[in-house]
Amino acid sequence: MDATELRERCARQIDGFSGGYFTDRPWLREAFLAVPREHFVPDRVWRPRPKGEAGPHPLLDRTADPEGWLGAVYEPTTPLITQIEDGAVRPDGPAESSEFTSSISCSSVVVKMLHHLDPQEGDTVLEIGTGTGYNAVLLAARVGATNVVSMEIQPDIAERAARTLRQYRGDRDVPLVVAGDGESGYPERAPYDRIISTACVREVPPAWLEQAAPGAVIVTPMVTPFAVDALLRLVADGEGGAAGSFVTVVSFMRARGQRPYRPWSEVGWFTLRDLDVRVDAGGQRIRLH
Ligand SMILES: C[S@@+](CC[C@H](N)C(=O)[O-])C[C@H]1O[C@@H](n2cnc3c(N)ncnc32)[C@H](O)[C@@H]1O
């Protein structure tokens, strides 16, 4: 299969997942089918070994195995790892380390996040975690490239993404890629109608609230006490706050400044002592009191 056929098959596979993330977002399906994901993926990437399996994470090399590499690019649930340990592990062979620090998220998660973000035509968007630039170009297809600002903390990754975006877009406008800490946002272009982070936070950075337009949607993965990360969707209330809920379970690398553990109560979570447990003939129920 060539890249177009693989992309179409990948879209059909995503259609089949519960949630219908494409069905009520025709623009997203169109953008997904129009953008050659392979253009954004580096020639050497690691495929994370399946959970529970021992051994290193294999390296996929486009030159050595073009078919294997392209197949992986279009596996809907496979993220491809583009950086390990902030670049300390070189992409020249299988990797023992699981300290992943940059990736292209798997297609199904990219689509799920954009579904929940639900950007509208002409919206201004701030993305945190440019990575390869793939997500930024999908956003550009919806809101217009000049309305997208994407921030990447690792300068060489930001530089590569900007270059890749320019190559792909040719003489069309490109999203603005800013090398810097996305936790501070980018006030120069605020307010934003949509804020999306592809780096996982323990606490929503105050700058995102400050730079969110009233009614703005904020979508970010968050570290939880449940041994999984969860995708948080918030709506800004126009008074400096935001409220919302978790929409699904995900797995993401940490925002750089939020890697160290912080006590759950310090970042607003309940503790075990806040839970009531009732067991009776109806079963067991565990609720917050
Ligand atoms: C999952 S990857 C991004 C995937 C990307 N959206 C794509 O389409 O390829 C997460 C990225 O967030 C970046 N990152 C981590 N902390 C950050 C921060 N505080 N500000 C900006 N970028 C950050 C990492 O360097 C990494 O490239």
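**Domains**

I began with how the chain splits up: the protein is divided into domain 1 (3-104) and domain 2 (109-259). I'm keeping in mind that this is a predicted model. I checked the spacing, and the C-alpha centres of domain 1 and domain 2 lie 19 Å apart. Who takes part in the contact? I get 26 residues from domain 1 and 25 residues from domain 2.

Next I pulled up the area buried between domain 1 and domain 2, which is about 2400 Å². Carbon and sulfur atoms give 66% of that area. On the domain 1 side I noted Tyr21, Trp27 and Phe40, which supply 32% of the area that domain 1 buries against domain 2. No other three residues supply more.

**The ligand's place**

Then I wanted to know where the ligand lies relative to domain 1 and domain 2. Both domains give residues to the shell around the ligand, so I put it between them.

I find 23 residues surrounding the ligand, and the closest are Ser102, Thr132, Glu152, Asp181 and Gly182. Sorted by class, I have 7 nonpolar, 12 polar and 4 charged residues in that shell.

Which elements supply at least two shell residues each? I listed β4 (100-104), β5 (125-128), α5 (134-143) and β6 (148-152). The largest share comes from β4, with 4 residues.

**Polar contacts to the ligand**

I went through the N and O atoms next and jotted down three pairs.

- Ser103 has a backbone N or O atom 3.5 Å from an oxygen atom of the ligand.
- Asn135 puts a polar backbone atom 3.1 Å from an oxygen atom of the ligand.
- Thr198 uses its side chain instead: a polar atom there lies 3.2 Å from a nitrogen atom of the ligand.

How much of the ligand's accessible area does the protein cover? I read 98% of the 600 Å² that the ligand has on its own.

**Backbone oddments**

Last, I looked over the backbone geometry. The peptide bond from Ala190 to Pro191 is cis, and I noted omega near 5°. I located Pro191 in the loop between β7 (176-179) and β8 (192-197).

I also flagged Asp86, which has a positive phi of about 55° although it is not a glycine. Where is Asp86 found? I traced Asp86 to the loop between β3 (80-84) and β4, and β4 is the strand I had already noted for giving 4 residues to the ligand shell.

Terms used. Residues numbered from 1 in each chain as written. Predicted model: local features only at pLDDT ≥ 70, side-chain atom pairs only at ≥ 80, totals over all residues. Heavy atoms only, no water. Near = heavy atom within 4 Å. Polar contact = N/O pair within 3.5 Å; in protein donor to acceptor, adjacent residues only side chain to side chain. Areas by Shrake-Rupley, 256 points an atom, 1.4 Å probe, with all protein chains shown as cover. Nonpolar A, V, L, I, M, F, W, Y, C, P; charged D, E, K, R; others polar. Domains from an automatic or database assignment. Contact = heavy atoms within 4.5 Å. Buried area = accessible area lost by both parts, 1.4 Å probe.
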